[in-house]
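Let's take a walk through this one, starting at the surface and working inward. Have the viewer open as you read.

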Amino acid sequence: MKQERKPGISDERALAMIQLIDELIAVIDDENAELARGLPASRLKQVDDKARLADVFERWVAECTSGSNVIHVQNRQLRDRLLDRILQLRGSMDENLVRLRAAIEASNRRIEAVMQAIREQLANSSPYGARGTRTARPMSSGTSIRA
């Protein structure tokens, strides 16, 4: 027996998906703005929101592609609006990927610069050379002064 569809359910589902996509775009665009200002990726406050929204979106897409919950949007304007939002989301995600990679590379450069400074400081302050031999005369320092 063929199941009847209620006419508003598909449109409601599409509207809910558009709302979710709009929230995801807003979070990603906010993250992109912070990345553009040079903030490290690890300090971004949007990470949890983005992960939560992306998880919901991923589950909806999986449901739709499996056929268990296909969105049948009869209203052409609503269908076009949904497709437009999906394309906007893709653009925001592409930009996000580029900015996150740049932030990770910048973080790696900062870490390497700090490590290099530590290595140089250790090399300059060590009384031993690369072969383990003394390179500087031993010095002692004390707090008592004798005259």
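**From the surface to the core**

Start on the outside: Ile111, Val114, Met115, Ile118 and Leu122 together make a nonpolar surface patch of about 460 Å². Keep in mind that you're looking at a predicted model. Pick out Met115 from that patch, and you'll find it in helix 3, which covers residues 76-125. Is Met115 buried, exposed or something in between? Its relative accessibility is 37%, so it counts as partly exposed, given that buried means under 20% and exposed means over 50%.

Now zoom out to the whole fold. The protein chain has three helices and zero strands, so to speak a plain α-α-α run from the N terminus on. Of its 147 residues, 22% are buried. The chain exposes about 11600 Å², with carbon and sulfur atoms supplying 53% of that area.

What sits inside? The largest nonpolar core has 16 residues, and Met17, Ile21, Leu24, Phe57, Leu82 and Leu89 are the ones with the most contacts inside it. Helix 1 (7-36), helix 2 (47-66) and helix 3 each supply at least two residues of this core, with helix 1 giving the most, at nine.

Ile21 makes a handy spot to center your view. Setting aside its neighbours within four places in sequence, Ile21 is in contact with Phe57, Leu82, Arg85, Ile86 and Leu89.

Finally, a word on contacts across the chain. Take those with a separation of 6 or more: 72% of them are between residues 24 or more positions apart.

Conventions. Residues numbered from 1 in each chain as written. Predicted model: local features only at pLDDT ≥ 70, side-chain atom pairs only at ≥ 80, totals over all residues. Heavy atoms only, no water. Patch = residues over 30% accessible without salt bridge, like charges linked within 9 Å, V, L, I, M, F, W, Y side chains within 5 Å. Areas by Shrake-Rupley, 256 points an atom, 1.4 Å probe, with all protein chains shown as cover. Salt bridge = Lys/Arg side-chain N within 4 Å of Asp/Glu carboxyl O. Helix = DSSP H or I, 4+ residues; strand = E, 2+ residues; numbered from the N terminus. Buried < 20%, exposed > 50% of the residue type's maximum accessible area, 1.4 Å probe, protein only. Core = buried A, V, L, I, M, F, W, Y, C linked by side-chain atoms within 4.5 Å. Contact = heavy atoms within 4.5 Å.
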